[in-house]
Amino acid sequence: MYFNTGITAGVMGGFMICIIICSTKRKSSTKVKHWFTIKNEKVIESFLKHHGALAQKRYKFSEVKKMTNSFKVKLGEGGFGAVYKGEIHSGCPVAVKILNASKGNGEDFINEVASISRTSHVNVVTLLGFSLEGRKKALIYEFMPNGSLDKFIYNKGLETTASLSWDNLWQIAIGIARGLEYLHSGCNTRILHLDIKPQNILLDENLCPKISDFGLAKLFPRKDSIVSLSYARGTIGYVAPEVCNKHFGGISHKSDVYSYGMMLLEMVGVKKNINAETSQTSEYFPDWIYKRLEQGRDLTTDGVIATQETEIARKMTIVGLWCVQTIPQDRPTMSKVIDMLEGNMNSLEMPPKPILSSPARLVPEFTTSSLQSG
Ligand SMILES: Nc1ncnc2c1ncn2[C@@H]1O[C@H](COP(=O)(O)OP(=O)(O)OP(=O)(O)O)[C@@H](O)[C@H]1O
């Protein structure tokens, strides 16, 4: 369990003790569970008190109920809870995430409020407010009418989904890169997102991408900081090798670069990286993409594309392959990624062939159960 949100040592200490005690006794005693919940709530309240200046507007839970019309329209459901459509005072549409009482021990809530409330960028979703009443926790975001990017990538070709042009995809890739570069070095603190994937990229009415879901985020002090995690966090398929096994290097902003690269390759390959299979054997997705690039084959599944589009697809592929290099130092920074995506195709160097042959080779030091499945 790890927080690095500037919470005072006393608050943290109380919380850690609380977790240790509870992890040993939780199953056997509902009394302890109740005590844990109260203690947990106190920790969150204390966090909010210490970060009064950072906190967004606080709503009563009855107001949350009212703004969602008693949770009438469900937009989706993630690992930490369900998201409902709502409306606040001025008729402004919002998305309300109701956090699951049984998950995260409040860490997801604190992470989200502590990290996202420090940000202000066109490519990062805005947290408008929150609600905390006992075990009931809600986060209120600006509403993104085009939903999440995964719909557009994986459902391509389905009648229900509008398709994105190569220019759209390229603009989206650059927007996400700008948002990430801001989190890594531009905002008033440095933030590792640690769960970059298409499901966490929301699109506004103009298809402008916004990075969302900071439930696993972590603050870090300096650009080149190596951070430590006491459990692997992220989503299988996007999580960088070093997050699972320290022999691959330290966890840093380059871990987000890896996840970004995998997402970029999915945007080009139009499928989930974890399902990429050829003949009988399952193949490491970047390997599959690399071979297609080497063979000069179309990088889209839908056949012939125009020259300008081919160039965008090749550019995104090459950048994606640089980002998923196994050794963190071999990956570019996000500002370099922006330069590469915006620059001339001819100035891009071909990346080395990805060396991991299978995600199974990661040999996690942590159990994979601490990672979400994609
Ligand atoms: N601000 C928003 N505007 C519109 N739709 C949203 C918004 N936030 C979330 N959603 C919808 O709700 C779904 C669930 O979001 P959520 O962030 O809870 O989970 P996830 O990212 O899909 O999964 P996980 O939390 O497990 O990583 C999203 O996929 C998206 O379709």
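## Exercises on a predicted model

Lys 74 has Tyr 84, a residue of β3, standing opposite it. Keep this pair in mind as you work through the exercises, and remember that the model is predicted.

**Exercise 1. Follow the pairing of β2 and β3 through to the turn.**

Start with the two ranges: strand β2 covers residues 74-78 and strand β3 covers residues 81-88. The two strands run antiparallel and are joined by four bridges.

Now walk along β2. Lys 74 faces Tyr 84, Gly 76 stands opposite Val 83 in β3, and Gly 78 has Gly 81 as its bridge partner.

That last pair brings you to the turn, where two residues make up the hairpin link from β2 to β3.

**Exercise 2. Continue from β3 to β4, then find the next partner of β4.**

First, note how β3 and β4 pair: the sense is antiparallel, and there are eight bridges. Two pairs help you to place the strands on screen. Gly 86 has its bridge partner in β4, namely Val 94, and Ile 88 stands opposite Cys 92 in β4.

Next, look at the link. This hairpin has three residues between its strands, and Gly 91 takes a positive phi near 85° there.

Finally, turn to strand β6, residues 136-142, which pairs with β4 in the antiparallel sense over six bridges. Here you can use Val 96 as a guide, with Ile 140 of β6 opposite.

**Exercise 3. Which strands stand at the edges of the six-stranded sheet, and what does that leave on one side of each?**

Write down the order first: β1-β5-β6-β4-β3-β2, in an open sheet with mixed pairing. The strands at the edges are β1 (57-59) and β2; each has a single partner strand, so one side of each lacks a neighbour in the sheet.

As a last step, consider the twist. On average, neighbouring strands of this sheet are turned by 30° against each other, direction ignored.

**Exercise 4. Describe the shell around the ligand, and say where its residues come from.**

Begin with the count: 22 residues surround the ligand, and the closest are Gly 76, Gly 78, Gly 79, Val 83 and Ala 95. You have already met Gly 76 opposite Val 83 in β3, and Gly 78 as the bridge partner of Gly 81.

Then sort the shell by element. The largest share, four residues, comes from β2, and β4 (92-99) also supplies at least two residues.

Sort it by class next: nine residues are nonpolar, nine are polar and four are charged.

To finish, sort by domain. Domain 1 (57-142) and domain 2 (150-370) each give the shell at least three residues.

**Exercise 5. How many residues does each domain bring to the contact between them?**

The chain divides into domain 1 (57-142) and domain 2 (150-370). Their contact takes 15 residues from domain 1 and 22 residues from domain 2.

On the domain 1 side, helix α4 (residues 107-116) gives the largest share, five residues. By class, that side has five nonpolar, seven polar and three charged residues.

**Exercise 6. Decide where to read the model with care.**

Take the overall values first. The chain has an average pLDDT of 78, and 72% of the residues score at least 70. For the complex, the predictor gives an ipTM of 0.96 and a pTM of 0.82.

Now look at the extremes. Confidence is lowest in helix α1 (residues 9-25), with a mean of 31, and highest in strand β9 (residues 209-211), at 98.

Two further stretches deserve a check. Residues 357-361 have a pLDDT below 50, and the model gives this stretch six contacts beyond near neighbours in sequence. For residues 363-369 the pLDDT stays under 50, with 11 contacts beyond four places in sequence.

The working rule is simple: where pLDDT is low, predicted coordinates should not be read in detail.

Notes: Residues are numbered from 1 along each chain as its sequence is written. This is a predicted model: local features need pLDDT of at least 70, side-chain atom pairs count only at pLDDT 80 or more; totals for chains, interfaces and linings use all residues. Two strands pair if DSSP finds at least two bridges between them. pLDDT is the predictor's confidence in each residue, from 0 to 100. Two residues are in contact if their C-beta atoms, placed from the backbone, lie within 7 Å. Domain bounds come from an automatic or database domain assignment. Ala, Val, Leu, Ile, Met, Phe, Trp, Tyr, Cys and Pro count as nonpolar, Asp, Glu, Lys and Arg as charged, and the others, Gly among them, as polar. Axes are lines fitted to C-alpha atoms, for helices over the stretch in contact, and angles run from 0 to 180 degrees between N-to-C directions. A residue is near a molecule or strand if its C-beta atom, placed from the backbone, lies within 6 Å of it.
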